[in-house]
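User: Please take a close look at one helix of this model and at the charged residues around it. I would like a connected account that also follows the links to other parts of the chain.

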Amino acid sequence: MTSPLPAAVLWDMDGTLVDTEPYWMSAETALIESYGGTWSHEQAMQLVGLGLNDSAGVLQAAGVRMEPSEIVAHLTDEVTRQLRELGVPFRPGARELLADLRRAGVPTALVTMSMSRMAHEVVDLIDFKAFDLVIGGDEVPRPKPFPDPYLIACERLGVEPGDTVALEDSPNGARSAIAAGTVTIGVPNMVPLDGVGAYTLWPTLDGRTAADLGAVLHEARTGAGA
């Protein structure tokens, strides 16, 4: 028997839907080097899944003499420029799963800590109507790992968090989705998600369908997959 589909599927953006983390790292490195500093890959990894204002504080500590809002705006501009010039680097299977959800009539939301204007830029570059709702980091009172972003998304979509599936690639993002009460699938990209508490981990979205998400939701509700 086919499992019921989720009431909505909630997507993280950077690292889950699109592989923009290298764009962010490039922008961070160039900014820090412009102030005479250095920025290692290990330092950049600490910002994966972190709220933008918190990330700005780390960059200030690394020597960037700008206000947090200026840092956020600068990085957003640089990543947006790379998206326009280089295109949207979808994670494997992400575009196909989105398209399958749309065909199945499942509502979708993009829930990201990137600024709304950058999130809309990404959405506008997708060649079909991919999302019913976009929630940016500048629209929520508290960033991931707090539950606010996912709770707001569910409220605006008119769905209960427990009836939704969230897709996340970072520990902070997964913690946010779990705290909100969604059934959370971790799709690790640059950092591991073992022990974070996601219902299940998928190594990739490649080959996954709306029906697979429905099956995970059914298992989480009934314990059938335990």
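Analyst: The buried residues of helix H7 (148-157) pack against strand E1 (8-11), strand E2 (108-111), strand E3, strand E4 (164-168) and helix H8 (171-180). Here packing rests on contact, meaning heavy atoms within 4.5 Å. Helices (H or I, at least four residues) and strands (E, at least two) are DSSP runs, numbered from the N terminus. The model is predicted, so to speak of local features requires a pLDDT of at least 70, and side-chain atom pairs count only at pLDDT 80 or more, while totals for chains, interfaces and linings use all residues. Residues are numbered from 1 along each chain as its sequence is written, and side-chain values use heavy atoms, with hydrogens and water left out.

Asp148, Pro149, Tyr150, Ile152, Ala153 and Cys154 are the buried residues of H7. Buried means under 20% relative accessible area and exposed over 50%, with partly exposed in between (1.4 Å probe, protein chains only). Just after the helix, Gly158 adopts a positive phi of about 75°. On the other side of H7, Pro145 belongs to the loop between strand E3 (133-135) and the helix. The peptide bond that joins Lys144 to Pro145 is cis, with omega near 15°. Most residues other than glycine have a negative phi, and most peptide bonds are trans.

Asp148 is buried, at 10% relative accessible area. Its salt-bridge partner is Arg142, with the closest N and O atoms 3.0 Å apart; a salt bridge is a side-chain nitrogen of Lys or Arg within 4 Å of a carboxyl oxygen of Asp or Glu. Arg142 itself is partly exposed, at 37% relative accessible area.

Lys144 takes part in two further pairings. With Glu168 it forms a salt bridge of 2.7 Å, N to O. That pair links distant parts of the chain, since Glu168 is in strand E4 and Lys144 in the loop between E3 and H7, 24 residues apart. Glu168 and Lys144 are buried. The side chain of Lys144 also meets that of Asp12 in a salt bridge, at 3.0 Å from N to O. Because Asp12 lies in the loop between E1 and H1 and Lys144 in the loop between E3 and H7, this pair ties together parts that are 132 residues apart in sequence. Asp12, like Lys144, is buried. Asp12, Lys144 and Glu168 are thus linked in a network of salt bridges. In the whole structure, a search finds 12 salt bridges.

Asp169, in the loop between E4 and H8, is buried but has no salt bridge. Its nearest side chain of opposite charge, Arg91, is 6.6 Å away; Lys and Arg count as positive and Asp and Glu as negative, with His and the chain ends not counted. Leaving out residues up to four places away in sequence, Asp169 touches Asp12, Asp14, Gly15, Thr16, Val187, Pro188, Asn189, Val191 and Leu193.

Asp14 and Gly15 are also among the residues touched by Glu21, together with Val48 and Met190, again not counting residues up to four places away in sequence. Glu21 is in helix H1; it is buried and has no salt bridge, and Arg91, its nearest side chain of opposite charge, is 9.1 Å away. The buried residues of H1 include Glu21, Tyr23, Trp24 and Met25. Those buried residues pack against helix H2 (41-45), helix H3 (52-61), helix H4 (68-86) and helix H6 (116-125). The 14 residues of H1 (residues 21-34) should span 20 Å at 1.5 Å a residue, which agrees with its end C-alpha atoms being 20 Å apart; the expected span is 1.5 Å times one less than the number of residues. Just after H1, Gly36 has a positive phi of about 85°.

A final point of reference is Asp206, in the loop between strand E6 (200-201) and helix H9 (210-222). Asp206 and Gly158 are 48 residues apart in sequence and 29 Å apart in space, C-alpha to C-alpha. Asp206 counts as exposed, at 54% relative accessibility. Setting aside neighbours within four places in sequence, Asp206 is in contact with Pro92 and Gly93.
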